[in-house]
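Reader: Before I rely on any label attached to this model, I would like to hear how each one was reached. Please take me through the reasoning step by step.

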Amino acid sequence: MTKPLIYSSDFETALDLGRPPNIKKLFPNSKALIVSGKYIDRAMLLKKNCMTIAANGRNAFVIRGALAAAQRANAAIIIEIARSEGGTAAYCAVNLWNIARQTDAFMNELGITIPVAIHADHFGIKTKEDIEPAKTQIPSLFDAGITSIAIDASHMPDAQNLLANIELYPFVPEWAGLETEVGEIKGKLGLSTAQEALFLIQGLNAHNIFPDWIALNNGTTHGIEASDTGINVELTAQIHEALSKYKISGAQHGTSGNNSERLRDIASKTRTTKANVATALQMISWGVEVNDYGNAILNNGQFIKQKKRGVSEQLWKEMQAFANANDIKGGNFKKLNLPFENKLLAQPKEIRDRMAKDVEDFVFGLLTNVFNTTDTARIVIDEILKNRSHDPGFKAEKIEQKNNWTTEKIMETASMMNTDKGPEGNFDD
């Protein structure tokens with residue numbers, strides 16, 4: 001018989017004070033320390049020269065593995081799903097409305113005591129018509145246990161991006177973590193500039209909106225094969241410096257495709273505190289061979305499935321056959337998540353365990369050897385005890401004048417900006 005876990009008095013107090021109202025309502029008897037994304041960001045800033053993983057939980061094994069890795073590293077982390085992955089047109093069974101419940105259940109089952117934020121990533125607003133339904137959907141996410149959100153209107157022109165963020169902000173709880181984005185992720189094409197980043201953050205500041213993170217188009221890709229294309233560390237550092245008085249952190253998207261040294265540079269040389277990892281974790285859980293970049297290695301255009309790793313050989317053949325029949329190739333293998341999640345869960349326990357364990361080992365390596373995230377869990381707990389609240393408050397204060405950022409002036413200023421968004425593309429996650 002398993003002995004019951006013994007929790008420290010500090011943990012019990014943090015559990016009582018640090019969980020947001022929606023989490024307490026949903027999970028009144030839980031021992032999972034699910035917190036606002038604000039606390040995760042603050043811990044990275046306090047430790048300095050570090051960032052944490054935002055693990056895209058495309059399947060249950062990714063969530064389990066990431067949580068186990070964070071527990072080993074005593075690191076505070078973020079579990080997330082993007083709107084394209086888990087929204088109303090999801091291609092994953094894990095979605096924006098069940099990811100908090102799954103995470104809470106796994107944390108209680110596994111005895112996970114590190115702090116975790118649940119993030120709705122890339123809540124995409126691609127047209128003006130997307131804004132009105134978002135006013136209903138965003139509150140529904142927080143009702144379901146989300147504790148942090150990225151309002152991503154970066155597909156639209158700069159003025160419309162800013163105005164969409166302003167219009168939707170009242171639907172995000174003040175205590176929640178908030179991310180905004182300027183520029184789609186498009187490799188080396190259409191890189192973000194300090195001018196457009198300042199435009200977005202200054203305009204939000206004038207309206208008493210103080211995001212925790214900004215995501216930039218800083219040269220990364222969401223590719224499959226290894227490439228020298230990667231994060232432009234110098235550009236990122238320059239933009240973060242330009243934004244320094246607004247005290248906003250960086251959110252790094254598309255880390256798959258960047259080697260460990262480049263990621264160490266992002267953690268140590270920029271103000272980045274959040275690093276999204278998606279494709280790599282999915283592929284590792286399936287048993288696909290990846291390199292140091294976290295990119296799947298291709299052989300004549302085909303993924304290399306490692307024997308006795310990930311899914312069973314029979315199920316992998318079934319996944320490949322489904323992909324061939326539906327013309328699913330390369331990065332679009334992500335579309336296999338939804339039709340195969342239950343089949344993945346129906347495998348023998350030894351296979352399910354090895355899927356999660358491989359994710360755990362990969363994430364542990366990132367947290368301890370690359371991101372410098374070790375022991376940030378204690379920093380979050382200390383901050384909760386200090387603040388005695390689920391809300392650490394804002395990092396920034398109002399600097400800009402609202403009368404300089406009316407709709408008319410926003411449109412006028414944007415019309416004089418010279419920005420390059422790059423070519424059209426589909427870069428949802």
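Reader: What makes strand S2 (residues 77-82) count as mostly covered?

Author: The model is a predicted one, and in it six of the six residues of S2 are buried, where buried means under 20% relative accessible area. Ile77, Ile79 and Ile81 point one way from the strand, whereas Ile78, Glu80 and Ala82 point the other way, and all are buried.

Reader: How do you know that S1 (residues 52-56) pairs with S2?

Author: Pairing requires at least two bridges between two strands, and three bridges join S1 to S2, so the two count as paired, and they run parallel. Within this pair, Ala55 has Ile79 of S2 as its bridge partner.

Reader: In what order do the eight strands close into a barrel?

Author: The order is S1-S2-S3-S4-S5-S6-S7-S8, with parallel pairing, and the twist from one strand to the next averages 25 degrees. Helix H9 (residues 194-206) packs on this sheet, touching S5 and S6, and its direction makes about 140 degrees with that of S5.

Reader: What joins strand S5 (residues 177-182) to strand S6 (residues 213-216)?

Author: Four bridges join these two parallel strands, and because at least two are needed, S5 and S6 count as paired. One of the residues involved is Thr180, whose bridge partner in S6 is Ile214.

Reader: Which residues touch the most other members of the largest nonpolar core?

Author: That core holds 109 residues, and Ile53, Ile77, Ile79, Ile149 and Trp286 are the ones that touch the most other members. Helix H4 (residues 60-73) contributes the largest share, nine residues. A second, separate core has 22 residues, including Leu17, Val35, Ala76 and Val380.

Reader: With which residues is Ile149 in contact, leaving aside its neighbours within four places in sequence?

Author: Among them are His119, Phe123, Phe142, Val172, Leu178 and Glu179.

Reader: Why is the aromatic pair of Tyr7 and Phe11 called stacked?

Author: The ring centres lie 5.1 Å apart and the planes make 15 degrees; centres within 6.5 Å form a pair and planes under 30 degrees apart count as stacked, so both conditions are met. As for accessibility, Tyr7 is partly exposed at 22%, while Phe11, at 4%, is buried because its value is under 20%.

Reader: Why, then, is the pair of Phe210 and Phe394 called edge-to-face?

Author: Here the centres are 5.2 Å apart with 65 degrees between the planes, and because angles over 60 degrees count as edge-to-face, that label applies. Phe210 lies in the loop between H9 and S6, and Phe394 in the loop between helix H16 (376-387) and helix H17 (407-415), so the pair ties together parts that are 184 residues apart in sequence. Phe210 is buried at 11% relative accessibility, whereas Phe394 is partly exposed at 31%.

Reader: How many aromatic pairs are there by this rule, and which residues form one aromatic cluster?

Author: The count comes to eight pairs, and Trp286, Phe303, Trp316 and Phe333 form one cluster.

Reader: How do you know that the charged end of Arg72 sits over the ring of Phe364?

Author: The charged end is 3.9 Å from the ring centre; the rule asks for a distance within 6 Å and a position within 35 degrees of the ring normal, and Arg72 is assigned as sitting over that ring. Lys274 likewise lies over the face of Trp213, at 6.0 Å from the ring centre.

Definitions and conventions. Residues numbered from 1 in each chain as written. Predicted model: local features only at pLDDT ≥ 70, side-chain atom pairs only at ≥ 80, totals over all residues. Heavy atoms only, no water. Axes fitted to C-alpha atoms, helices over the stretch in contact; angles between N-to-C directions. Contact = heavy atoms within 4.5 Å. Phe/Tyr/Trp six-rings, centres within 6.5 Å; stacked < 30°, edge-to-face > 60°. Buried < 20%, exposed > 50% of the residue type's maximum accessible area, 1.4 Å probe, protein only. Core = buried A, V, L, I, M, F, W, Y, C linked by side-chain atoms within 4.5 Å.
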